[in-house]
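Reader: I'd like to work through a model with you, feature by feature. Could you give me the general idea each time, then the case at hand?

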Amino acid sequence: MRPPVEVSVLIVSLLAPGVLYTINNIPALQEPLSILGLGMSILGFVLLLLRLTVSNQTKVDPLFYVFAEFSFTCMVGLTNALEQDGFISGFMGFYLKKGEPHLSTAYAVMMSYWDGIVHFILFLTIIHRMFRGKSYRSLGLLWAGSSIANQIVHIPGVVIGKYGSNIRPGFWRNVPFFLVPFWAASVLFSRPREMPVVTADKISAEQKKGLLFRPVDLLLSLMLLGAMAFSVFRGFVVLDCPLDTCFTYIYQYEPYLKDPVVFPRVMMLVYLFYAMPLMAFFTYGLRTPGCSWMLDWTIFFAGAMAQSQWCHIGASQHSRTPYTYRVPADKWWPVITLNVLLAALPALLALRCHTNPVYFMKPVPEGQTNKEKKKN
């Protein structure tokens, strides 16, 4: 009798530390081009193993291979994080020297923890639900937002930062990990969403309420406006705005924004040009009834902001960040509080949209009960 698929994926993923340890002790495999070729070969072999684990299944969702393959790389990330923080040794030395030296930075360590813990749990949960016929669309969107946010900061940060002059062939293994989440997100967004059926009268009554009569939505709207202003301000800060306020902030509150690794600067620009417009659309959606797209995009955005803020907050405190770039002790509470709120707001918004989605639904014929389900 075969074990459950998620158990098989777990077993395959746990091979990653052993593979890293073996390569780390065979000098002949540690040349830059060899690392790239060996890395892609290992990923191909893992894909073959995963194919064998589901060979008895008549139909397999193609996203399974994405989630299962990424599970293996999650264990690589967790191994890196644990080694950089001194919990283990003898696994990643060769890769940091000849593959991706930037993985020793504070940002990359926090990114690796997120991959190895949060993404890994998400993948196993999604695969468990997938093979039991349960919906995993929302969890998939949460991962897609997190993964895309990760890659659009990680890859440009390496290329234009202080490690840009030391890019090795191994870095290019990130290309498929950059492209695949976009494809997976497009697949998930195109799939139908399950929603409870609510009578037209109830939908109409809810959607007639103005923003002032929906205190939770009003509070979320005000918080979104505040987050937008904060994102614009920090965007100006990293663009070297000459205003005294910007100068004071970057030197006395968040000096991490000028860290030469450039990851925080790229992140602030992503917030300015991508997160801020999204928050503006969410503000519109909270005051305009029937915006059903809110139900998907708030989940996607929550995943993106949670990952980004975890890396940003963690790296600004991490011992691998030079002391001069860490948050000053006397400004710790206001800076960390603002950053935690920026991570919590999208999660609260997504929770509000999904616990009571009536305001965002399209009217349906009367006579249907909320026990029925419809595809929207």
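Author: Happy to. Let's begin with burial: H318 has a relative accessible area of 10%, so it counts as buried. Keep in mind that this is a predicted model.

Reader: Where is H318 placed?

Author: H318 sits in the loop between α13 (294-317) and α14 (332-355).

Reader: And which residues does H318 touch, leaving out those up to four places away in sequence?

Author: With those neighbours set aside, H318 touches D85, A106, V109, M110 and R326.

Reader: How should I read the domains here?

Author: Start with the bounds, then look at the contact. The protein is divided into domain 1 (5-134) and domain 2 (200-360). Their C-alpha centres lie 30 Å apart, and the contact takes 12 residues from domain 1 and 13 residues from domain 2.

Reader: Next, the core. What's the idea behind it?

Author: In soluble globular proteins, nonpolar side chains tend to be buried together. In this model, the largest nonpolar core has 106 residues, and F64, F67, Y107 and W143 have the most contacts inside it. Helix α6 (residues 106-130) gives the most to this core, with 14 residues.

Reader: Why does this core lie between domain 1 and domain 2?

Author: Because domain 1 (5-134) and domain 2 (200-360) both give residues to it.

Reader: Can we zoom in on F64? Which residues does it touch, not counting those up to four places away in sequence?

Author: F64 touches V5, V9, L50, T53, V54, I127, M130 and F131, on that count.

Reader: What about L49: which helix holds it?

Author: L49 is in helix α3 (residues 32-53). At 23% relative accessibility, L49 counts as partly exposed, since buried means under 20%. Leaving out residues up to four places away in sequence, L49 touches V12 and L15. You can also set sequence against space: L49 and I117 are 68 residues apart in sequence and 22 Å apart C-alpha to C-alpha.

Reader: On to charges. How many salt bridges does the structure hold?

Author: There are 11 salt bridges. For any one of them, check the distance, the place in the chain and the burial of each partner. In one of them, the side chains of E6 and R132 meet at 3.4 Å, N to O. That pair links distant parts of the chain, 126 residues apart: E6 is in helix α1 (residues 5-13), while R132 is in the loop between α6 and α7 (137-160).

Reader: E6 and R132: buried or partly exposed?

Author: One of each. E6 counts as buried at 13% relative accessibility, whereas R132 counts as partly exposed at 40%.

Reader: Which other pairs should I look at?

Author: Try K209 and E206, whose closest N and O atoms are 3.4 Å apart. K209 is partly exposed, with a relative accessible area of 39%, but E206 is buried at 14%. Then there's R214 with D217, where the closest N and O atoms are 2.4 Å apart; R214 and D217 are both buried. Salt bridges that share partners also join R137, R193 and D296 into one network.

Reader: Last one: the surface. Which residues form a nonpolar patch there?

Author: F281, Y284, W293 and W297 do, with about 410 Å² of accessible area together. Take Y284 as the example: it lies in helix α12 (residues 263-287), and at 43% relative accessibility it counts as partly exposed.

Note on methods
Residues numbered from 1 in each chain as written. Predicted model: local features only at pLDDT ≥ 70, side-chain atom pairs only at ≥ 80, totals over all residues. Heavy atoms only, no water. Patch = residues over 30% accessible without salt bridge, like charges linked within 9 Å, V, L, I, M, F, W, Y side chains within 5 Å. Areas by Shrake-Rupley, 256 points an atom, 1.4 Å probe, with all protein chains shown as cover. Salt bridge = Lys/Arg side-chain N within 4 Å of Asp/Glu carboxyl O. Helix = DSSP H or I, 4+ residues; strand = E, 2+ residues; numbered from the N terminus. Buried < 20%, exposed > 50% of the residue type's maximum accessible area, 1.4 Å probe, protein only. Core = buried A, V, L, I, M, F, W, Y, C linked by side-chain atoms within 4.5 Å. Domains from an automatic or database assignment. Contact = heavy atoms within 4.5 Å.
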